[in-house]
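Open your viewer, switch to a cartoon view and keep the selection box handy. We will go from stop to stop together.

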Amino acid sequence: MQADGHVRMAADTGVAGERAADLSTPNPFGLRARAARLLRLRSAEALAAALATAPQEGPRLVLGGGSNLVLTGDFPGTVLKVDIAGRRLLRTEPDAWIVEAGAGENWHDFVRWTLAQGWPGLENLSLIPGTVGAAPIQNIGAYGLEIVDRFDSLDAIELDSGASRSFGVADCAFGYRDSVFKRHPGRWLVTAVRFRLPRPWQAVTRYADVARELAARGIEAPGALDVSDAVIAIRRRKLPDPAEIGNAGSFFKNPVVAAAACARLLAAHPAMPHYPQPDGREKLAAGWLIEQAGWKGRDLGPVGCYEHQALVLVNRGGATGADVRRIAAAIMADVEARFG
């Protein structure tokens, strides 16, 4: 161990370790917490070395960019920080480019890189924080597109056994902000993801915000970069920069309810936004529900409901995980009281 508290492992293992690691940096919410041990993994092979030592040191937590993480306190075990880099075109097919990226690649940087190479398809997902490896776990989505729409396959390692496996789209069991990985947290660590980027490409501009932004820019036939730039502008207006104010992006998930339940709510609240789903259910806008319950721009202690987007909770300074739990519970209780 060096004087700075870091444990340096052999360079060829691709692992760097640290005891009593500060987790305030790799969690953009800026919550105060430490990990008993943190291992930075720079390759899939490095994970084998990590698994050989991590089991006896308590529980494990897989960490990508930390942008979807709310730390409720110190973590008593080993944090596996995924820093696996690399991006490449695997092959060109008649109807798609197959592009691969390491799980530790920054998502937004990867999206912009694909566009710079002339491989469109991910532009609607621009500026979403986090890593490539985390994207399929959450089935991230925005402005009319989800990972499942562009997914080819991924590689992952089962942490308990150390076994490697490739997952196709059916294996991932994707749902709305959901996947088999999210349903079994801590079982798998994603090492690489492959995407099918469509040939020929068509712009996805059916979301009103995107269409309005493009119209305001005088763009009638947008290219992929035009769509990406529009999405970036919209997100920057609506969402706070974690470098300026701590947050984890959209904190609340849009509820999906039965059609009959939606009809009852519409009878009482005719202006309520709702979006029909393929299975006949209706997706409601959580931001609208929260705003109607009076929480938009309101604080509870050091955590607030962001004034420009009610889905986002922000750290006004010095917040703890308990503070986040408190305001989240209060908001949910008020929404339930008003809308059932």
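Two strands are said to pair if DSSP finds at least two bridges between them. Strands here are DSSP runs of E with at least two residues and helices are runs of H or I with at least four, both numbered from the N terminus. The model is predicted, so to speak of local features a pLDDT of at least 70 is needed, and side-chain atom pairs count only at pLDDT 80 or more, while totals for chains, interfaces and linings use all residues. Residues are numbered from 1 along each chain as its sequence is written, and side-chain values use heavy atoms, with hydrogens and water left out.

**Stop 1: a sheet of three strands**

Select residues 274-276 and 282-284. These are strand 15 and strand 16, which pair in the antiparallel sense over three bridges. Look for Tyr275, which stands opposite Lys283 in strand 16. Now add strand 14 (256-257): the three strands form an open antiparallel sheet in the order 14-16-15. Strands 14 and 15 are the edges, each pairing on one side only.

**Stop 2: a sheet of four strands**

Next, select strand 13 (residues 246-250). Strand 13 belongs to an open sheet of four strands, ordered 13-19-18-17, with antiparallel pairing. Its edge strands are strand 13 and strand 17 (299-300). Strand 13 pairs with strand 19 (residues 312-315) over three bridges, and Ser250 stands opposite Val312 there.

Click on Gly249 in strand 13. Is Gly249 buried or exposed? Gly249 counts as buried because its relative accessibility is 16% (buried means under 20% relative accessible area, exposed over 50%, partly exposed in between, with a 1.4 Å probe and protein chains only). Leaving aside neighbours within four places in sequence, Gly249 is in contact (heavy atoms within 4.5 Å) with Leu311, Val312 and Leu313.

**Stop 3: a pocket**

Finally, show the surface around Pro255, Leu289, Val335, Glu336 and Gly340. Of the 17 residues that line the second largest pocket, these are the closest to its centre. A pocket is an open set of points on a 1 Å grid over the protein atoms alone, where a 1.4 Å probe fits, with protein on both sides within 12 Å along at least five of seven lines; lining residues have an atom within 4 Å of a point. Which helix gives the most to this lining? Select helix 10 (321-339): helix 10 supplies five residues.
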